[in-house]
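Colleague: I would like a close look at a single part of this model, followed outward to whatever else in the structure helps to put that part in context. Please take the time for a full, connected account.

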Amino acid sequence: MLDLDDPSAPAPSDPPSLPAVEGAPVAPEPDRPGAAGPPPRGRMDRVWLWFAELPPEAFVSLFVVSACVVFVWMQVTQATSLFSGGNILASNTPAGGDMGAHVWGPAYLRDHLLPQGRLAGWTPDWYAGFPAYQFYMVLPSLAIALLSFVMPYGVAFKLVTVSGVLSLPVCAWAFGKLSDTPFPGAPLYAVGATMFLFDRGFSIYGGNIPSTLAGEFAFSISLSFAVLYLGFLAKALRTGQGRGWAAVTLALVGLNHLIPFIFVIICTAVMLVAYPAWRARRWVLVALPSFAGVAALTLVASGPRRDFSQIKADDLNKPLAAAIGVVFLLGLLTSGWQRVKVWLPVGVVGTLLTAWWTVPFYLQHKYMNDMGWEKKTDYFNMLYSRTTLDPQLVDSPKLQWILLAAAAGALLALIWGRRSGAFLGLVAVVFAGLFILTPQLRLWNARLLPFYYLALYLLAALGVAEVGRLLSLLFARDVLRPIRAIPVVFAFVGLAVGLGMVAIPLRIMPFGQEDKVTNTYYWPSPNVPWVGGMVSTHDSSFVPSWSRWNYTGYEGKDAYPEYYGITQTMADLGRTRGCGRAMWEHEEQHDRFGTPMALMLLPFWTDGCIGSMEGLYFEASSTTPYHFLNQDELSTGPSNAQRDLPYGPGPPTATDFDMGIKHLQMLGVKYYMAISDGMHDLARQNPDLTKVATFASWEVYEISRGNELVEPLRYQPAVLSGAAPGGEAWLKPSVAWYMNEKAWDVPLTDDGPAPWQRVTEGEGPGLVPLEPVTVSNVVVERDRIAFDVDRTGVPVVVKTSFFPNWKPTGAEGPWRVTPSNMVLVPTANHVELRYGYTKVDYLAWALSLIGVAGAVVLFRRPAVTMPPTWAERSAARRAEAMSLLAATGPGAGVLPHEDAVWLASLADRPPDGPGPPDLPTDGPPDSYWPPDAPADGPPEVPTDGTEGEEPS
């Protein structure tokens, strides 16, 4: 097909050159715009000529993809018209789930990190401090921050959050075009992606609209780039072109979210399996035993109930994973050297471009917190039936229907040699296997399900497209002239059916009617003769109400006056009694404000004066587990969000509450905010609390002593031998110490000076008294802590979360000290701690600069000449036979212009070697079709097509 972006490509209207047949008359030039006379001079003339010569399929594709994008826009914005913008363009502060807490991040990036020339840095706003954007993706927040300079912050935030779901249909279409999927496959990919977006079978795993509304908008953006990258990679493996674009989009995937980055890395190997360079016979001989072995192992692993329930950590996971690895290795070995020259530079350069973020993430990830998400083991349910789902979730669209259409798509893709279909089938199989085999790790196996579902939806769309193409062949008088209207009809039918399956539970179908008494939706309306009430359902999608809840913002909630009042109360306390950290009682009823996480925005509303002890980035701070222990001690209805911590049974007792206040003192917390009657009563009885404000049901207490941010120690710390400063090796003994008040005299550290005593886990350290020290002139800024001591050489605790980027002046250290603070030994009377850079950061930026240079090289280097595959050689033989028929049959040598176009679409490029020049050669009868849009490149003639190949 033609590529209008390629300046070397012939004009779309130019008929392909056919072999000259001696003695045959010359075909007359058909009448067409611009065929005679001088070429158009002005830019507008050239644009008009390009537009006039587009095939009808291009306009059908434009309509289908646009309809998908408009449909998504109207639902997520709840707009009354296409150009109204709905709730998205309303100037408010978005709420709802994690999204309501994400509001803090881009504003902090804009106001504090970017002015320092940083994309990641320290913040004291959550969890007694944590490294902002060290362990969370920065690009979506950066986009919001930059947009907020030219539009209201809330509008910028909402536009970025919907950008991923709006772009996914377009990127799915682009994947189809770049992977050379013939019409109507590419536009129907957009329909399949749209159906995936409205899938209500999951709401937090990522990718679909419910997950986006729950706060996973960075995942959605990354997924769009992932689909686009796979299209660029497919084109590069097929034509050798576009390596630079593939590398850049790969980097954008990783910098928007890490999990889709893992997805595309695996998909790169899968695509090599789907794009072999060997002859068909040899490929089958090697591949079939490998796939058969994997299938046999999978059958054994599934167990007698075929639900994989017998899979254990050390059962069949390893041999099955090894077998899958062998298949991937087979793909690498059979990809051919020319394809290695494509995927290897793309992977290396794309990964290097992400190094400024991914390298510090990886090398410092031991300081991350693990929330302990539990592996999902209902494999059959999630992969096939979805009969048991979390509350409010629904198997809609029905997964089994999608599986049926996807099976048809996979079968027809194998029959017709659709490599994009073979690739999607392998992706579905691989990620179903990974969902089953992934052990209990930091990566929650449920986060892999969206990729399995997306592959199914795209395969189902391909199945519809292939059925349409098959029918146009079956009903044609001549298979060389299939009925062109049938694929067009199937494009519209696929659009109508796909969006209809989504629109019925949304209750927005034309001519539909809702019976509010019985909560039944009818389509068409029962008043329509003959077909009225043909479809009826009690199902009602939660997507519109959830979108409305999020994008009407905090300001649109009935409880907003209370929420505004308590945040302003805390701001006033900061001005009158001093800034500091606040611990607020957790209750599910906080959702009335817009999200249970609404009070995480205390630093957002108070310009950082009042920090929140709970924040959204649970994995990013080493203090997180200790906060949730505190929450259990100080809340009537705690969330107990982190697994495997020693929470107490039932509501807290007076003893629990008093322990919780001591824990707050240990972490330097200044304010405690209680809302339940039980916590009010316990707070009034605690001698270390002073009530300083009341608003509605809230009572705010100031912790009067013991919470100084810099404090000398009375006894020498003990170094815990063999314990790393992060991870499980530190968490277990530090939690045991944290919950045992008798152990508090001697804090544990991960390292320290040689004179400090060394102990092992479970060993009781001795009491080594220290000289008394007076700490004064404490100054705490966002990334700087300064203080004076009257005696040097005596360890001092700084009650800020530990991280290795903290560098002291006038002291040794810092080291991590229980539970998650810092301890250092002053060597001067004035000590300063600053959050700076480490060797890891410098290494990361150096690697990224190498990546930039590599990307420039990839953009400037010529395309790699790709050898023809066995399918292309077979197509060449067919083309030669057809040219002979054209030369010897009736009207030999004279083919109408339309026929020339049809014949030209037989393949993407001619093979190297014998055969008529300029004959299209890629693929079996799939490419007898006209292009649906001019986007996949002109015929390309390789110069060394036989390299590494054996003759067929």
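Colleague: Which kind of contact do the side chains of Arg 507 and Glu 514 make, and what is the N to O distance?

Modeller: Bearing in mind that this is a predicted model, the side chains of Arg 507 and Glu 514 meet in a salt bridge, with 2.7 Å from N to O. Side chains of opposite charge can pair when their charged atoms come close. The two partners are covered to unlike degrees, since Arg 507 is buried with a relative accessible area of 12%, whereas Glu 514 has 35% and is partly exposed. Arg 507 sits in the loop between α20 (485-506) and β3 (513-515). The backbone deserves attention at this point as well, for the phi of Arg 507 is near 60°, a positive value in a residue other than glycine. Most residues other than glycine have a negative phi, and most peptide bonds are trans.

Arg 386 offers a second example of such a backbone angle, with a positive phi near 50° although the residue is not glycine. Arg 386 belongs to the loop between α16 (379-385) and α17 (399-416), and a relative accessible area of 3% makes this residue buried. Positive phi values also appear at two glycines that come after helices: Gly 668, just after α25, has a phi of about 70°, and Gly 240, just after α9, has one of about 80°.

Those two helices can be checked by their length. Helix α25 (residues 654-666) has 13 residues and should span 18 Å at 1.5 Å a residue, which agrees with the 19 Å between its end C-alpha atoms. Among the buried residues of α25 are Phe 657, Ile 661, His 663 and Leu 664. For helix α9 (residues 217-239), with 23 residues, the expected span is 33 Å, and its end C-alpha atoms are 33 Å apart, in agreement. Helix α9 is mostly covered, 22 of its 23 residues being buried.

The peptide bonds hold two further points of backbone geometry. Trp 523 and Pro 524 are joined by a cis peptide bond with omega of about -15°, and Pro 524 lies in the loop between β4 (520-523) and β5 (535-537). Another cis bond runs from Thr 818 to Pro 819, with omega near 0°, and Pro 819 is placed in the loop between β19 (811-817) and β20 (821-826).

Returning to charge pairs, the structure holds 27 salt bridges. One of them joins Arg 705 and Asp 688, whose closest N and O atoms are 2.8 Å apart. Because Arg 705 lies in the loop between β10 (698-703) and β11 (710-712), and Asp 688 in the loop between α26 (677-685) and β9 (689-695), the pair ties together parts that are 17 residues apart in sequence. Here Arg 705 is exposed, with a relative accessible area of 51%, whereas Asp 688, at 9%, counts as buried. In the salt bridge between Asp 751 and Arg 758, the closest N and O atoms are 3.8 Å apart; Asp 751 is partly exposed at 35%, and Arg 758 is likewise partly exposed at 37%. Salt bridges also link Asp 681, Arg 684, Lys 691 and Glu 699 in a network.

Charge on the surface can be gathered without such pairing, too. Asp 370, Glu 374, Asp 644 and Glu 728 form a surface patch of negative charge; Glu 728 belongs to helix α27 (residues 728-738) and counts as exposed, at 59% relative accessibility. A patch of another kind, nonpolar and of about 510 Å², is made on the surface by Val 47, Trp 48, Trp 50, Phe 51 and Phe 59. The most is given to this nonpolar patch by helix α1 (residues 43-52), with four residues. Phe 51 has its place in helix α1 and is partly exposed, with a relative accessible area of 38%.

A last spot to find in the view is Leu 89, in the loop between α2 (56-77) and α3 (99-102), which at 45% relative accessibility counts as partly exposed. The C-alpha atoms of Leu 89 and Met 151 are separated by 9.9 Å, while the two residues are 62 apart along the chain.

Key. Residues are numbered from 1 along each chain as its sequence is written. Side-chain values use heavy atoms; hydrogens and water are left out. Patches are made of residues with over 30% relative accessible area and no salt bridge: like charges are joined within 9 Å, nonpolar side chains (Val, Leu, Ile, Met, Phe, Trp, Tyr) within 5 Å. Accessible areas come from the Shrake-Rupley method with a 1.4 Å probe; for residues, only the protein chains shown count as cover. A salt bridge is a side-chain nitrogen of Lys or Arg within 4 Å of a carboxyl oxygen of Asp or Glu. Lys and Arg count as positive and Asp and Glu as negative; His and the chain ends are not counted. The place of a charge is taken as NZ of Lys, CZ of Arg, CG of Asp or CD of Glu. Buried means under 20% relative accessible area, exposed over 50%, partly exposed in between (1.4 Å probe, protein chains only). The expected span of a helix is 1.5 Å times one less than its number of residues.
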